[in-house]
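Here is a walk through the cysteines, the core and the charged pairs of one protein. Have the structure open while you read.

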Amino acid sequence: MRTQHLRLHHLLLSLFLFAATFSPAPAAADDVSAPAPDDGDTEFIRSSCNSTLYPDVCFTSLSRYANAVQQNPGQLARVAIGVSLSKAHRVASYISNLTHEADYGTSGTRAAMALHDCFSNLGDAVDEIRGSLKQMRQIGAAGEGSESFLFQMSNVQTWMSAALTDEETCTDGFQDVPECPVKADVCNRVTNVKKFTSNALALVNSYASKGSP
């Protein structure tokens, strides 16, 4: 139990530091002085999102960043990862609160165990998505060739795939938990996060297929 609480403390600290240092780029719609997105920029995002499993979710979440993306597939992938990170962090924070309630007996034993495991899984996913974003920001540095690009993109693909697996492991952990409001709530929230992670991975794969920054 002490080890579990230390793990919980570590993940909470990690999530706090993330919240203090990262936020997605502000939407142009929130800034009255920002120019309206170019139709070509918006259409580029729509077209790119068609390669994902959840194109509507993809376009709705990313079209607000059309001015920042400017038809750049690398920038689009970076923004998508950032949005995925924000969603995963938010749900991980929410589940951390549920684990405290579960510890005091407001959920069944199976549900409590599944919650703790899920929080651990999402903590790993947040770390992996954060690592992907950090790697994406390093791509395109002066003097880098296609070999370095492919190596870096391979890292991003590996981490984003691992994050998606961790999110799936979270929901899989509730399979043996009797139907209850906590199970439905958590699984719905994490399933939604998986859509953003899946879309980000698809855009990363599309960018990687170009072979150079």
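## Cysteines, core and charges

Cys 49 and Cys 58 are joined in a disulfide, with 2.0 Å between their sulfur atoms; the term stands for a pair of cysteine sulfur atoms within 2.5 Å. Before going on, note that this is a predicted model, where local features need pLDDT of at least 70 and side-chain atom pairs count only at pLDDT 80 or more, while totals for chains, interfaces and linings use all residues. Residues are numbered from 1 along each chain as its sequence is written, and side-chain values use heavy atoms, with hydrogens and water left out.

Back to that link. The torsion about the S-S bond of Cys 49 and Cys 58 is -65 degrees, which is left-handed. Both Cys 49 and Cys 58 are buried; here buried means under 20% relative accessible area, exposed means over 50%, and partly exposed is in between (1.4 Å probe, protein chains only).

How many disulfides does a search of the whole structure find? It turns up two. The other bond runs from Cys 118 to Cys 170, at 1.9 Å from S to S. The S-S torsion of Cys 118 and Cys 170 is about -70 degrees, so this disulfide is left-handed. Cys 118 sits in helix 6 (residues 109-138) and Cys 170 in helix 7 (residues 146-172), so the pair ties together parts that are 52 residues apart in sequence. Helices here are DSSP runs of H or I with at least four residues, strands are runs of E with at least two, and both are numbered from the N terminus. Cys 118 and Cys 170 are both buried.

Asp 117 also lies in helix 6. The C-alpha atoms of Asp 117 and Cys 170 are 6.8 Å apart, although their positions lie 53 residues apart along the chain. Asp 117 is partly exposed, at 46% relative accessible area.

Count the bonded cysteines in sequence order and the pairing reads 1-2, 3-4. Cys 180 is in no disulfide, and the nearest cysteine sulfur, that of Cys 187, is 8.8 Å away. Cys 180 is partly exposed, with a relative accessible area of 26%. What about the sulfur of Cys 187: which cysteine sulfur is closest? That of Cys 170 is, at 6.6 Å, which is too far for a bond. Cys 187 is buried, at 16% relative accessible area.

Now for the overall picture. The protein has eight helices and zero strands. Of its 213 residues, 44% are buried. Among contacts (heavy atoms within 4.5 Å) with a separation of 6 or more, 77% are between residues 24 or more positions apart. The exposed surface comes to about 11000 Å², with carbon and sulfur atoms supplying 52% of it; these areas come from the Shrake-Rupley method with a 1.4 Å probe, and for residues only the protein chains shown count as cover.

Inside, the largest nonpolar core has 53 residues. Such a core is a set of buried Ala, Val, Leu, Ile, Met, Phe, Trp, Tyr and Cys residues joined through side-chain atoms within 4.5 Å. Ile 45, Leu 62, Ile 81, Ile 95, Phe 174 and Val 186 have the most contacts inside this core. Several elements give two or more residues to the core, including helix 2 (39-49), helix 3 (55-62) and helix 8 (181-208). Helix 5 gives the most, with twelve residues.

Phe 174 is a handy place to zoom in. Leaving out residues up to four places away in sequence, Phe 174 touches Ala 111, Ala 114, Leu 115, Cys 118, Lys 183, Val 186 and Cys 187. Cys 118 is one of the bonded cysteines, whereas Lys 183 leads on to the charged pairs.

The structure holds four salt bridges, each a side-chain nitrogen of Lys or Arg within 4 Å of a carboxyl oxygen of Asp or Glu. Among them are these:

| Pair | Closest N and O atoms |
|---|---|
| Glu 43 and Arg 46 | 3.7 Å |
| Arg 130 and Asp 127 | 3.0 Å |
| Glu 179 and Lys 183 | 3.0 Å |

Glu 43 and Arg 46 are both in helix 2, three residues apart, about one turn of the helix. Glu 43 is partly exposed at 45% relative accessible area, and Arg 46 is partly exposed at 38%. Arg 130 and Asp 127 have a similar setting in helix 6, three residues apart, about one turn of the helix. In the remaining row, Glu 179 is exposed, with a relative accessible area of 67%, but Lys 183 counts as buried at 10%.
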